[in-house]
Structure formats: C-alpha cells, structure tokens
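Biologist: Please walk me through this model in a few words, and then take a close look at one part of its surface.

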Amino acid sequence: GAYSGFAWYRRCVDFEPSGSDSTEVGLYIPQAMLQYELYWNGQLVGRSTRLPATSAETIAQPAVFTIHAAESGVLAIRVWSPAPDTSMAGDNAAFFGAPRAVNVEALSLLKDVEVGRMFRRRFLTLIETMTYGQLFLLSLAAWLRNRRQSLLLWLSLYFLSAFCWAFFDPLFPPFPILRNIG
C-alpha cells in the first residue's frame with residue numbers, strides 16, 4: 001500500500017572545498033508531489049510549506065536553499081505525504097528528481113534548465129487539454145445543427161467533462177509554468 005504521514009530521510013554529506021573562499025553551497029530541491037522541510041546539521045534551512053500541509057492537492061515547486069557548509073554535515077529532509085484518495089494511484093508521492101548540491105554561482109543555470117524540463121513535461125498535458133476543448137466545441141456545434149442526434153449531445157458532454165478534468169486537475173494543471181515565472 002501507499003505510505004502516508006511523516007518520514008525522515010538523512011544523509012551524511014562531505015563537501016570538498018572549492019577554489020573560492022565561499023563556504024555557501026546551493027541546494028536545489030526539485031518539484032515534488034509531497035511537502036517537506038529541509039535541515040542541515042539539525043537546523044531548519046527551508047520548507048515547501050508548514051507541515052502537515054493543509055491540502056493534499058499541492059505540488060511543491062522547485063526551490064533553491066543556501067546552506068553554510070563546513071566540510072561535512074547531516075542533511076535531513078522531513079516529508080509529509082497525505083493519505084491517497086480515490087483518484088490517486090498511491091505511488092505518486094515523491095520528488096521528481098534527486099536534490100542536488102551545487103556552488104552558489106551555478107544555481108541560476110540549474111534553475112533555468114529545470115524550468116525548461118518542467119515546461120516540456122507539461123506541454124503534452126496542455127495539448128491534451130486543448131484537444132478535449134476543441135472536440136467539445138465541434139461536437140456541440142454538430143449537435144446544435146441537428147438536435148435530434150442525442151448521441152452528439154452526450155459526446156459533447158463527455159468531451160466537456162474530460163476538458164474540465166484535465167484543465168482543473170490540481171495535481172497536474174496544464175499551465176503551472178505560467179504561475180511560477182518570475
């Protein structure tokens with residue numbers, strides 16, 4: 001079955017000193033289907049939202065946190081995963097990729113690459129949503145031309161429901177990138 005509730009993931013991390021004098025390390029956390037808090041050596045560094053989250057239908061967007069790294073320490077992530085509801089498969093509460101530690105100067109490049117990946121993942125969802133919308137309009141127009149064909153009405157209602165499901169699905173919205181630009 002699917003796991004729900006709190007979980008801790010800890011890892012001892014050794015950073016090799018770079019050529020610069022900076023001890024700051026950027027930690028990139030990818031998009032996730034769960035909520036989390038990030039700790040470095042027991043100190044809270046950042047979070048996606050206050051735990052436990054009030055809604056199971058929120059996706060934690062990619063985030064960048066700066067940690068003041070010594071040569072080694074313990075990185076801990078506390079996650080909260082809601083109990084799956086009837087529309088969830090139960091196996092989708094996870095990060096979309098592995099967290100990565102990079103030097104602070106490389107963070108903007110990494111974030112740009114990941115935003116591009118997010119956009120490509122959502123492009124198919126956008127095409128699907130627009131196709132359902134167009135099929136709804138075409139079947140509705142065909143029914144309006146010949147109202148005796150009740151099958152066309154039912155077909156248009158089916159495509160309308162599929163369009164609404166794809167467009168208003170809070171877990172996989174077709175336009176998440178538009179909310180996160182900036």
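**A patch on a helix**

Modeller: Happily! The chain has three helices and seven strands (DSSP runs: H or I of at least four residues, E of at least two, numbered from the N terminus). Read from start to end, the order is β-β-β-β-β-β-β-α-α-α. The model is predicted, so local features need pLDDT of at least 70 and side-chain atom pairs 80 or more, while totals for chains, interfaces and linings use all residues. Residues are numbered from 1 along each chain as its sequence is written, and side-chain values use heavy atoms, without hydrogens or water.

Of the 182 residues in the chain, 33% are buried (under 20% relative accessible area; exposed is over 50%, partly exposed in between; 1.4 Å probe, protein chains only). Among contacts (heavy atoms within 4.5 Å) with a separation of 6 or more, 79% join residues 24 or more positions apart. The accessible surface of the chain (Shrake-Rupley) is about 11700 Å², and carbon and sulfur atoms hold 59% of that surface.

Now the close look: F119, F123, L124 and I127 make a nonpolar surface patch of about 410 Å². Patch members have over 30% relative accessible area and no salt bridge, with nonpolar side chains joined within 5 Å and like charges within 9 Å; a salt bridge puts a Lys or Arg side-chain nitrogen within 4 Å of an Asp or Glu carboxyl oxygen. One of the four, F123, sits in helix α1, which covers residues 107-145. F123 has a relative accessible area of 44%, so it counts as partly exposed.

For a view of the strand region, turn to N41, in the loop between β3 (35-40) and β4 (43-47). N41 has a phi near 50°, a positive value in a residue other than glycine. With 41% relative accessibility, N41 is partly exposed.

Terms used:
Areas by Shrake-Rupley, 256 points an atom, 1.4 Å probe, with all protein chains shown as cover.
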